[in-house]
Amino acid sequence: MLVATWNINSIRMRIPRLQQWLESKRPDVVCLQETKVVDDDFPLEPLRALGYHCSYRGEKSYNGVAILSLAPPADLETRLPDDGANAPCRFIAGTFGGVRIINIYAPNGSEVGSDKYAFKLEWYKRLRRYLDDRGDPQGQVLVCGDFNVAPEDRDVWDPGKWSGQILCSAPERNAFRELLAWGLSDALRMLCPEGGLYTWWDYRGGAFHRGWGLRIDHVLLSSSLARRCLQVEIDREARKGEKPSDHAPVIATIDEP
DNA sequence: ATGGCTACTCCTAGTAGA
């Protein structure tokens, strides 16, 4: 089973790329973030034509999440239980082949100490509470998406420059560790200890080609899935060429039970 | 130190991303 996560930065801008990529990779499940489109305008047809079921919740301009899947979803959830009526679209979950797949787009946080930063930390607490209340760490649980946290210094191209900054601050890293402590493993780190593995590069200043990146998109696995995880790949090819997203997809291969 | 790209929007400037 191939499960991918990709912050697509506008699904409508990225449809040609997404189509090509789906055709070449054929993941079973694709978790997308920052679709930036209201549900009425979601580009269903080209994705259906490739055989994908689409589950999504979006809003105008910002945020928005979707799950594309070769099999239909079961038990779809499109918000955190304690999300308010106007809460940003940052959460969607479904069950695929017995695996509970939770797709998240964590808040960016803007600047350490800002209101948005406080919202980010609170959002992480609510996600952890959701797992406590609704999840089973002994079950098959996969949490993936854009976490907007680089968990350790080896996930940062210049740890000195980023020290204490947004995406790298100690409270953010603690919030991420609190998720892991529920009973999840960082799939990529389980298999690849080396530095220099990034999933996001700034559009500015030729950051991608200079290797100025951060690893902020993750696939987290409960122990029963972690034991079956064969491979995790960051698809840097998808960050190259014309009109890329600023994020690369992460693809995990899970062996059949 | 300078947010130097990109995408969005009741759009040609301001906001947000990370």
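This passage describes a predicted model of a protein with DNA strand B, covering the DNA contacts, the largest pocket, strand β4 and two loop residues. Residues are numbered from 1 along each chain as its sequence is written, and chains are lettered from A and ligands numbered from 1 in the order in which they are written. Local features need pLDDT of at least 70, side-chain atom pairs count only at pLDDT 80 or more, and totals for chains, interfaces and linings use all residues, while side-chain values use heavy atoms, with hydrogens and water left out.

DNA strand B is surrounded by 22 residues, a residue being near the strand if one of its heavy atoms lies within 4 Å of it. Ser10, Glu34, Ser61, Asn108 and Arg204 are the closest. Of the atoms of DNA strand B that come within 4 Å of the protein, 73% belong to sugar and phosphate. The surface near DNA strand B has 7 nonpolar, 7 polar and 8 charged residues; Ala, Val, Leu, Ile, Met, Phe, Trp, Tyr, Cys and Pro count as nonpolar, Asp, Glu, Lys and Arg as charged, and the others, Gly among them, as polar.

Three pairs of atoms illustrate the contacts with DNA strand B. An N or O atom in the side chain of Lys60 is 3.2 Å from a phosphate oxygen, and a polar backbone atom of Gly205 is 2.9 Å from a phosphate oxygen. At Asn108, an N or O atom of the side chain is 2.5 Å from a base nitrogen.

Asn108 is also, with Tyr105, Gly109, Ser110 and Asn148, among the residues nearest the centre of the largest pocket, which is lined by 27 residues. A pocket is an open set of points on a 1 Å grid over the protein atoms alone where a 1.4 Å probe fits, with protein on both sides within 12 Å along at least five of seven lines; lining residues have an atom within 4 Å of a point. The lining comprises 10 nonpolar, 8 polar and 9 charged residues.

Strand β4 (residues 65-69) is largely enclosed by the rest of the structure, because 5 of its 5 residues are buried (under 20% relative accessible area, against over 50% for exposed and in between for partly exposed; 1.4 Å probe, protein chains only). Strands (E, at least two residues) and helices (H or I, at least four) are DSSP runs, numbered from the N terminus. Val65, Ile67 and Ser69 point one way from β4, and Ala66 and Leu68 the other way. Strand β2 (residues 29-33) runs antiparallel to β4 and is joined to it by 5 bridges, with Val29 partnered by Ser69. Strand β3 (residues 53-57) is likewise antiparallel to β4, with 5 bridges, and Cys54 stands opposite Leu68.

Asn9, in the loop between β1 and α1, has phi near 50° and is buried at 13% relative accessibility.

Definitions and conventions: A polar contact is a pair of N or O atoms within 3.5 Å; within protein, one must be able to donate a hydrogen and the other to accept it, and residues adjacent in sequence count only if both atoms are side-chain atoms. Two strands pair if DSSP finds at least two bridges between them.
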